[in-house]
Amino acid sequence: MKNAVLLTGSLIFYALGEPGYLVLLMVSVLANYGLGLNLGRSVRQKGKGKKQKKNEYDRKRKYLFAAAVAGNVGILVLFKAGAGEQGIPLGISFYTFQILSYLIDVYTGEQRRETSFVCLATYVTMFPQLVSGPIVGYEEVRGSLHGRKFTAAGLQDGLKVFTMGLAAKVLLADRLGLLWREVQVTGFESISTPLAWLAAAAYSLKIYFDFYGYSLMAIGLGRMLGFELPENFSTPYMACSVRDFYRRWHMTLGRWFRRYVYIPLGGNRRGELRTVCNLLVVWALTAVWHGGTANFLIWGMLLWLFIVLERQLCALGIDRIFRKGVFRAIPHLYLWAVIPVTWICFAVTDVTQLQIYLTRMFGMSEGIRVSAGDWAKALQNYWYLFAVGALGCTSALKKLFIRWKDSVLGTLLLVGLFWLCVWRLQVEGQNPFMYFKF
């Protein structure tokens, strides 16, 4: 009954946000439930021709698996390419990858098929992570789907985590996003080079706290319901390379590509050239997963290039220079210079506008009616948000939260933070999560 109630609530939740695509979601769940039953079916062959019958069954099963993957991926690509009149269905990128992970694991025998339709449907449609992740493997929640406890302690602990995620979204991401919006209204050709970098930094923090905030809210809601959802971020801006950054950023997506694309292609076990090609495939698919416009491909290929260059430098042993003394800061400075540039490629979907912005960042064009002091005014208005955002990028706030969340003072602060967020939402209105559109 817990699953039936959660499934019903999740479908109502989805219908409130995307009623036109609720049928698509349910057809997808129903079809893949049937596919999973057939892919995981074990057939005992008796009598003569046992080997031949088994080979025939395995061949049919292989064709069924190929059709299942092609069907799910095909629908996702169709909408990503802009075929849907109403736009991309809410959460389709996330629930498609969860369905694929389930089907692949059942086909390879890594987990048994789910015979309960309600359990599988609840896994796919579970509202805390339905629309923006984290991408959860079925093995991570199977036990909870078949037996979990709803407790007052879990409700309280989950609500505290939820509040931290809500604050990250409402008080940091949304406020920092105002600077990015101001720059867009001004026009990229009319901003100074310092403001271009400042706005890029603001967008970098905005997308982090927006998505990290959502992930924390999903984890908190899951804990309130009796589920332990996986962590999705691990202080990515404290990384020392682009490779390290994407091991810490959107970790469940990276895990999915590593497990179901990179390793099956051979990973790094077949020489450097093959590894580079495998990384190219992964980053090209990652780019397409985020969107069908050219800027996402530019973003993905730029990251692939940086990662390949970092691999070559590590192979030469150059990275050892930056592990001692004052040189240890250089990799972090390199990351903080590179990542904002890549996020601009991610944010600006019009390639012509992207070119203008990059030329302003690097002072390669004179600009039109540029105010020399625009960056100073922006810094005066937003410096405190940058300061809190910089602190939030470290592990300091997380450590303080863990230490104080169960104390009386910590609880009172979280209550105040929660109602402050509610007030800001009332004042500012709806400001959707960025990853809803992916």
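Is His 250 buried or exposed? His 250 counts as buried, at 2% relative accessibility. The views below come from a predicted model.

**Figure 1. Overview of the protein chain, a predicted model with 18 helices and 0 strands.** The radius of gyration of the chain is 24 Å, close to the 22 Å that the globule rule gives for 438 residues, so the chain is as compact as a globular protein of that length. The C-alpha trace spans about 85 × 55 × 50 Å along its principal axes. Of the 438 residues, 47% are buried. Among contacts with a separation of 6 or more, 76% join residues 24 or more positions apart. The chain exposes about 21,900 Å². Carbon and sulfur atoms supply 65% of that area.

**Figure 2. Close-up of His 250, in the loop between α10 and α11.** Phi of His 250 is positive, at about 45°, although the residue is not a glycine. Most residues other than glycine have a negative phi. His 250 has 2% relative accessibility, and the cut-off for buried is under 20%, so His 250 counts as buried. The two helices that flank this loop return in a later view: α10 (242-248) and α11 each supply at least two residues of the lining of the second largest pocket.

**Figure 3. Close-up of Arg 369, in the loop between α15 (351-361) and α16.** Arg 369 is another residue other than glycine with a positive phi, here near 50°. What is its setting, buried or exposed? Arg 369 is exposed, with a relative accessible area of 76%. The cut-off for exposed is over 50%, so Arg 369 falls in that class. The helix after this loop, α16 (374-392), supplies at least two residues of the lining of the largest pocket.

**Figure 4. Close-up of the cis peptide bond from Gly 133 to Pro 134.** Omega of this bond is near 0°. Most peptide bonds are trans. Pro 134 lies in the loop between α6 (127-130) and α7. Further along the chain, Ile 135, Val 136 and Gly 137 are among the residues that line the largest cavity.

**Figure 5. Close-up of the largest cavity, with about 90 Å³ of space.** The count of cavities of 30 Å³ or more comes to 2. Three helices, α4 (92-108), α7 (138-146) and α11 (251-265), each supply at least two residues of the lining of this cavity. Which helix gives the largest share? That helix is α11, with 5 residues. The lining includes Thr 252, Arg 255, Trp 256, Arg 259 and Tyr 260. Ser 101, Asp 105, Glu 139 and Glu 140 also line the largest cavity. By class, the lining has 4 nonpolar, 3 polar and 5 charged residues.

**Figure 6. Close-up of the second largest cavity, with about 60 Å³ of space.** Leu 24, Ser 28, Asn 72, Ile 75, Leu 76, Ile 92, Tyr 95 and Thr 96 form the lining. The elements that give two or more residues to this lining are α2 (22-39), α3 (50-80) and α4. How many of the lining residues are charged? There are no charged residues in the lining, which has 5 nonpolar and 3 polar residues.

**Figure 7. Close-up of the largest pocket, with a volume of about 980 Å³.** The pocket is lined by 34 residues. Met 164, Leu 397, Lys 398, Phe 401 and Leu 417 are the closest to its centre. α8 (152-186), α9 (193-225), α16, α17 (396-404) and α18 (408-428) each supply at least two lining residues. The lining divides into 24 nonpolar, 6 polar and 4 charged residues.

**Figure 8. Close-up of the second largest pocket, with about 610 Å³ of space.** This pocket is lined by 23 residues. Tyr 246, Arg 247, Gly 254, Arg 258 and Trp 283 lie nearest its centre. Besides α10 and α11, the helices α12 (272-290) and α13 (294-315) each supply at least two lining residues. The largest share, 7 residues, comes from α11. By class, the lining has 13 nonpolar, 5 polar and 5 charged residues. Helix α11 also gives the largest share of the lining of the largest cavity.

Conventions. Residues numbered from 1 in each chain as written. Predicted model: local features only at pLDDT ≥ 70, side-chain atom pairs only at ≥ 80, totals over all residues. Heavy atoms only, no water. 1 Å grid on protein atoms, 1.4 Å probe; cavity = no way out; pocket = protein on both sides within 12 Å on 5 of 7 lines; lining within 4 Å. Points joined across faces, edges and corners; volume = space filled by probe spheres on them. Helix = DSSP H or I, 4+ residues; strand = E, 2+ residues; numbered from the N terminus. Nonpolar A, V, L, I, M, F, W, Y, C, P; charged D, E, K, R; others polar. Rg over C-alpha atoms; globule rule 2.2 N^0.38 Å. Buried < 20%, exposed > 50% of the residue type's maximum accessible area, 1.4 Å probe, protein only. Contact = heavy atoms within 4.5 Å. Areas by Shrake-Rupley, 256 points an atom, 1.4 Å probe, with all protein chains shown as cover.
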